[in-house]
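Trainee: I have the structure open and a list of things to ask. Can we go through the cavities, the pocket and the strands in turn?

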Amino acid sequence: MLNPKVTPDSPVEEQPVIGLIGMGEMGRMYAKHLSRAGWKEIHVCDLPQKFDALQRDFKDVPGITVMKDGHQVSRSADFIIYSVEAEYIDKAVRQFGPSTKIGAVVAGQTSVKAPEKAAFEAHLPGDVHIVSCHSLHGPTVPPLGQPLVLIHHRGPDWALTLVESILQPFQSRFVYMSFEEHDSVTANTQAVTHAAFLSMGTAWKSSGNYPWEEPEGRYVGGIETVKVNIAHRIYANKWHVYAGLAILNPSARIQIDQYAKSATELFKLMLQNKGTELRERVYHASDVVFKDAPKTRPILLSEDLLDRFSLGPSPERRQSLPPRANSHLSLLAMVDCWATLSINPFADLQLAATPIFRMWIGVAEYLFRSRERLDAAIEAALSDTTHRPDDLEFCVSARGWSQCVSFGSFELYRRRFEETAAFFQPRFEEAQTVAARMITAILEEGTGS
């Protein structure tokens, strides 16, 4: 039997064969990090039509052997990760699972674990162990310090130890959960957060302009920088990264639906100029979410920090622009959604927060923990019509994404996503670079490093 405490420095004959089935962006990220760590036997595969290209891409990468298909990987590997879309996990495991080596440990990298669990239990042989995983960050974010979920579902303790040993060089933070706990937490930390930024992007696309650019300059500096950069970052990724999480996770559907309801109901109060009702609802949500929240160092430290990463006019030019009031409807709706569903975002923040979720809470905290800023947003919602057209588009977009998810249609989700992504395409390269630097700077400041 393999030594479960094996390291990349162990003799090659003592090292496990690591198998990766699926070489999309996350599969490639895992392959490259495992190779850099020094593991000597990494067997990878993708769809048959991608075999030649995969061989070319990895011909000079130490330790990696490209295999013809998942059968070859399953027969040879001691630890296998299925890195395929949640929509196709059952098909992949049904096809390759029966070939799994006796005593091997199998994991999945899907963002929704319910279909993964069902596929593993249905198609893997009984003499195979299941210790699944999920890195809670995108392929372009360094894994150092990021949460990496481990799910010890079936098998002896040494199987979990082996997986820990293999993934230890990532220097991620292991978080131990069940399949069910994973889906609840990812719904809280990812699904509705993604829905907010997807809705912003679709709203801006429907308006037909880049509102962070002149002459409008409505989304420059401070909080707006986070909204713009993260929306770009999401739309620069593949649509399926978000579709499975939203459509296949029942908890996510509930939250995305409530987010759309919160945005719509708050917007109606704005249109009707019902100031008393709007303030009462916003203050109530603020008390529910933030009153007993831990008094930690703010995640977002200053607008000056964020201004360094704006896609809009230069800092000198921004200083000459008049201040812009904003209702921040997307944030008001987010906190209202949390309060309505009795979600404690800070509990999930400590447990398994993604970089985007950390910033989203940070932005909400920045707004809601200052009564002056919160009152200014409410006043803008009631009396300043500058952002009213954008707020209208945002409500329509939020409800559209909610309906899309409720229909359970991956094709409809893909079309909505790609049509919006095409609008932002000219700015992707710049936005990806700026957003990556912003995330790194904020997280480094937040940890005091």
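Trainee: Which residue lining the second largest cavity is a Trp?

Mentor: This is a predicted model. In it, the lining of the second largest cavity includes Ala191, His194, Ala195 and Leu198. Tyr242, Ala246, Ile256, Val405 and Tyr413 also belong to that lining. The Trp in the lining is Trp401.

Trainee: Which element gives the most to the lining of the second largest cavity?

Mentor: Three elements give two or more residues each: H7, H9 and helix H18 (388-407). One of them gives 4 residues, the most, and that is H7.

Trainee: How many charged residues are in the lining of the second largest cavity?

Mentor: Nonpolar residues number 9. There is 1 polar residue. The count of charged residues is zero: there are no charged ones.

Trainee: What is the volume of the second largest cavity?

Mentor: The count comes to 3 cavities of 30 Å³ or more. For the second largest, the volume is about 50 Å³.

Trainee: Now the largest pocket. How many charged residues are in its lining?

Mentor: The largest pocket holds about 1,300 Å³ of space. It is lined by 49 residues, and those closest to its centre are Gly24, Ser83, Val84, Glu85 and His240. The lining divides into 20 nonpolar and 20 polar residues, and the charged ones number 9.

Trainee: Which strand supplies at least two residues of the lining of the largest pocket?

Mentor: Helices that do so include helix H1 (25-37), helix H4 (89-96) and helix H7 (179-207). Helix H9 (240-247) and helix H16 (355-368) also supply at least two residues each. The strand is E6 (129-135).

Trainee: On to strand E4. Which residues point the other way from Phe79 and Ile81?

Mentor: In a regular strand, side chains alternate between the two faces of the sheet. Strand E4 covers residues 79-82, and all four side chains named here are buried. Phe79 and Ile81 point one way; pointing the other way are Ile80 and Tyr82.

Trainee: What is the bridge partner of Leu20 in E4?

Mentor: Strand E1 (residues 18-21) runs parallel to E4, joined by 4 bridges. Within E4, the partner of Leu20 is Ile81.

Trainee: Which residue in E5 stands opposite Phe79?

Mentor: E4 also pairs with strand E5 (residues 105-108). That pairing is parallel, over 4 bridges. Opposite Phe79 stands Val105.

Trainee: Last one. What percentage of the residues is buried?

Mentor: The protein has 20 helices and 8 strands. Buried means under 20% relative accessible area. Of the 449 residues, the buried share is 57%.

Methods
Residues are numbered from 1 along each chain as its sequence is written. This is a predicted model: local features need pLDDT of at least 70, side-chain atom pairs count only at pLDDT 80 or more; totals for chains, interfaces and linings use all residues. Side-chain values use heavy atoms; hydrogens and water are left out. Buried means under 20% relative accessible area, exposed over 50%, partly exposed in between (1.4 Å probe, protein chains only). On a 1 Å grid over the protein atoms alone, a cavity is a set of points where a 1.4 Å probe fits but cannot get out, and a pocket is an open set with protein on both sides within 12 Å along at least five of seven lines; lining residues have an atom within 4 Å of a point. Grid points are joined across faces, edges and corners, and a volume is the space filled by probe spheres set on the points. Ala, Val, Leu, Ile, Met, Phe, Trp, Tyr, Cys and Pro count as nonpolar, Asp, Glu, Lys and Arg as charged, and the others, Gly among them, as polar. Two strands pair if DSSP finds at least two bridges between them.
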